[in-house]
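Visitor: I have the fold open beside me and would like to talk through its inner spaces and one of its sheets. Could you pull it up?
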Amino acid sequence: MQLFEHASTVPITSYNTEEWQKGYRSLHQEYEYWIDEIEGEIPQALEGTLFRNGPGLLDVNGQQLQHPFDGDGMICAIAIKDGRAHFRNRFVKTEGYLAEQKAGKILYRGVFGTQKPGGWLANAFDTRTKNIANTQVLYWGGKLLALWEAAEPHRLDPQTLETLGQEYFDGVLSKGAPFAAHPWIDPVSQFDDGKPCLVNFSIKAGLSFTIAIYELDLNGKIVRQHDHPVPGFAFIHDFAITPNYCIFFQNPVDFNPIPFLAGMKSAGECIKFRPDKPTRIILIPRDTSSGRPTAQILETQSGFVFHHANAYEEDGEIILDSVCYENLPSVEPGSDYRQTDFEALAPGQLWRFNLNLADQTVKRELLEQRCCEFPFVHPGVAGRKHRYIYMAAAHASSGNAPHQAILKVDVESGERSVASFAPDGYVGEPVFVPRDRSDESGLYTQVQGDEDDGWLLAIAYDSKSDRSSVVILDAKNVEQGAIARLHFKHHVPYGLHGNFTPHYFESES
Ligand code: CO
């Protein structure tokens, strides 16, 4: 078996832990400049803005955060037009960010392990969380929204990235109300006369929990909303949609709140994966025309899913492709995420789930064993049958490792193509941008021509130069590697999610 794609040029371990760690340093400064160092050529037809969110601070005034998921959200905007590109980054000026920067110290407990200084006494019974707005950013209904699943969105100016305030959608959300960081755009919503709509959810925790579904029209107004109480504890980060359903994986985890309330552990550290229990798959119909729809629950083997690639309906089944982990490692108190022993952890792998609604059965099948995450599909196939999935992936075809490659999986032919940036490069989510013009609403709602006719845009960190760049790949020819590399003047800490809009947002100030 060939272990490496480029066995002759890349060492046995494609990465170096110390080099990888350098990508987890804060970026304190806010920049804006024209990118003048470009390798290759930006396609002339590529026009619009890539927005990306992620933790920008991994420390507060030198006090290290315990987990990168606790880091304050920082948005990068790369505006591209006529073969040129402009870079801008801004922190989301949340209440917590402003307060901590002013105080020069950590004032809040983080969900994933960051404690205020002062030991358990200072942390006991402090369940306030800081809305860190660090997970996702998208442009919808004329608003640029920074999302974090445990609280309300922040609205930003798409030109300048200045924070405009919290978003409550005309009072539908209340102060501090959760709103997930993983909305889908249904490109042809049957509930909106075939127009696109945005579908999102929220999880309200309690002894049992409640899933709320929100559907927003093109003006950014919430037009449908329904709540579904579900028993048990849930740690649900993402979901999937089809024309008729919202689909959730209730992964088998237990939550013991006592050490959290007592200030000894963070909430994230109180979650324990239960491999002996099944995953419950919750299907919520989207049709609200005859009142609140009734949820249906199926079960499958244990496993943990953060991200779903896509789902669709076919012949009475729902087909769902998701990145699944055999095991969820517990976050240990006092552990340092920079010391991750990749080899000791189970990799995320791409699985297909066939949900048969009539028989109430679930079949699952491994589609791709290579360690992967951050799946992305053509926006025009959201909730519809897809052929291609793009992901960040490990350089090697087996084992667990940092993401150094971009992987394209053709689920129809089984073909895979890989572009690796090893040994010095580490890449994030590849955002697919269709070559075709968007529709009048500025969305890519249909596939015109081939589904893979377009580009992949990802932010890559190069440990050798200690700088990051945007890499642009031709999605039809992933194996040829980047056709353009737009070098920043600095590094950008490893990020989470983003989106591309055909609106070109650039303002020189
Ligand atoms: Co996510």
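Visitor: Which residues lie nearest the centre of the second largest cavity?
Guide: In this predicted model, the second largest cavity is lined by 13 residues, and those nearest its centre are Ala45, Glu47, Arg437, Tyr444 and Pro502. Its volume is about 90 Å³, and by class the lining has eight nonpolar, one polar and four charged residues.

Visitor: And what volume does the largest cavity have?
Guide: The largest cavity has about 120 Å³, with 15 lining residues, of which Asp70, Arg109, Gly110, Lys130 and Ile132 lie nearest the centre. That lining divides into seven nonpolar, three polar and five charged residues.

Visitor: Moving on to pockets, which residues are closest to the centre of the second largest one?
Guide: The second largest pocket holds about 730 Å³ of space, and of its 40 lining residues the closest to the centre are Leu138, Ile185, Phe376, Pro379 and Asn499. Several strands each supply at least two residues of that lining, among them S8 (136-140), S12 (184-186) and S35.

Visitor: In what order do the strands of the open sheet with S35 run?
Guide: The order is S1-S7-S6-S3-S35, five strands with antiparallel pairing. Strands S1 (32-34) and S35 (498-501) stand at the edges with a single partner strand each, so one side of each has no neighbour in the sheet. From one strand to the next, the twist averages 15 degrees.

Visitor: How many bridges join S3 to S6?
Guide: Eight bridges join strand S3 (residues 48-55) to the antiparallel strand S6 (residues 73-81), and Arg52 stands opposite Cys76 in S6.

Note on methods
Residues numbered from 1 in each chain as written. Predicted model: local features only at pLDDT ≥ 70, side-chain atom pairs only at ≥ 80, totals over all residues. Heavy atoms only, no water. Pairing = 2+ DSSP bridges. Helix = DSSP H or I, 4+ residues; strand = E, 2+ residues; numbered from the N terminus. Axes fitted to C-alpha atoms, helices over the stretch in contact; angles between N-to-C directions. 1 Å grid on protein atoms, 1.4 Å probe; cavity = no way out; pocket = protein on both sides within 12 Å on 5 of 7 lines; lining within 4 Å. Points joined across faces, edges and corners; volume = space filled by probe spheres on them. Nonpolar A, V, L, I, M, F, W, Y, C, P; charged D, E, K, R; others polar.
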